[in-house]
Amino acid sequence: MSTTPRVSSALPGEPPHFGSVLAHQPDIAASFFALYGRFWGSDVLAARIKEVARMRNARVTECGFCRNVRFDKAVAQGLGEEVVDDITDGYETSDRLSDTEKAVLKFTDALIHDPELLTGDAKAALQRHLTPAQIAELGLGVTLFLALAKALITLGLEPETMDRTVLPTPAVLEAAE
């Protein structure tokens, strides 16, 4: 992955990072952050389920930042490292992941790789465990995760090294509402 920034910071004296690069387009950046905050602020789908999908995306895209960040709301809902460790190829046989989480991971793989992964039993499992509103929210979330990971990688905004870090779950800033 690339740690050499390919775009400069729009904020004088601040090194390039996702927020400082998006500051070149402040209105669009505000809209993006508002959408991301609203997604995480919605309780239609539990934060733990969202984080399971985000971790799968991080592993598949190999986004170093994404792989090392955990959101506090998901951690508070019981998403521990022993569960995250099972979000790899072969997750279907995990004893730590729930059937709902396995269905979410299959859906995530279908969005990232091939929609044909979500047919037959996989589609039935997803519909058994999630409502249409939850599936819609999950689809939007995985799309955001994939776009964000690819942007960080392509723009060269990944850190050289990064310890596992628990961050506050994104929220809509009052000024963005």
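Today I will walk through the aromatic rings of this predicted model and then two glutamates in its loops.

Let us begin with the rings, and keep in mind that a pair of aromatic rings is described by the distance of the centres and the angle of the planes. The count of aromatic pairs in this model comes to nine. Take F18 and F32, whose ring centres are 5.8 Å apart and whose planes meet at 75°, so this pair is edge-to-face, since the angle is over 60 degrees. The pair links distant parts of the chain, because F18 belongs to helix α1, residues 18–22, while F32 belongs to helix α2, residues 26–41, and the two are 14 residues apart. Both F18 and F32 are buried. F39 and W40 also form an edge-to-face pair, with centres 5.5 Å apart and planes at 80°, and F39 and W40 are both buried. Ring pairs join F18, F32, F33, Y36, F39, W40, F71 and F145 into a cluster. Two charged ends sit over rings of this cluster: that of K50 over F39, 4.6 Å from the ring centre, and that of R54 over F71, also 4.6 Å from the ring centre.

Now for the glutamates. Most residues other than glycine have a negative phi, yet E62 has a positive phi of about 65°. E62 is placed in the loop between α3 (47–61) and α4 (64–68), and with 44% relative accessibility it counts as partly exposed.

E158, in the loop between α9 (132–154) and β2 (165–167), is buried yet has no salt bridge, and the nearest side chain of opposite charge, R67, is 5.9 Å away. What lies 2.3 Å from a polar atom of the E158 side chain? It is the backbone nitrogen of G64.

Key
Residues are numbered from 1 along each chain as its sequence is written. This is a predicted model: local features need pLDDT of at least 70, side-chain atom pairs count only at pLDDT 80 or more; totals for chains, interfaces and linings use all residues. Side-chain values use heavy atoms; hydrogens and water are left out. Helices (H or I, at least four residues) and strands (E, at least two) are DSSP runs, numbered from the N terminus. Buried means under 20% relative accessible area, exposed over 50%, partly exposed in between (1.4 Å probe, protein chains only). Lys and Arg count as positive and Asp and Glu as negative; His and the chain ends are not counted. A salt bridge is a side-chain nitrogen of Lys or Arg within 4 Å of a carboxyl oxygen of Asp or Glu. A polar contact is a pair of N or O atoms within 3.5 Å; within protein, one must be able to donate a hydrogen and the other to accept it, and residues adjacent in sequence count only if both atoms are side-chain atoms. Rings of Phe, Tyr and Trp (its six-membered ring) pair if their centres lie within 6.5 Å; planes under 30 degrees apart count as stacked, over 60 as edge-to-face and the rest as tilted. A charge sits over a ring if NZ of Lys or CZ of Arg is within 6 Å of the ring centre and within 35 degrees of the ring normal.
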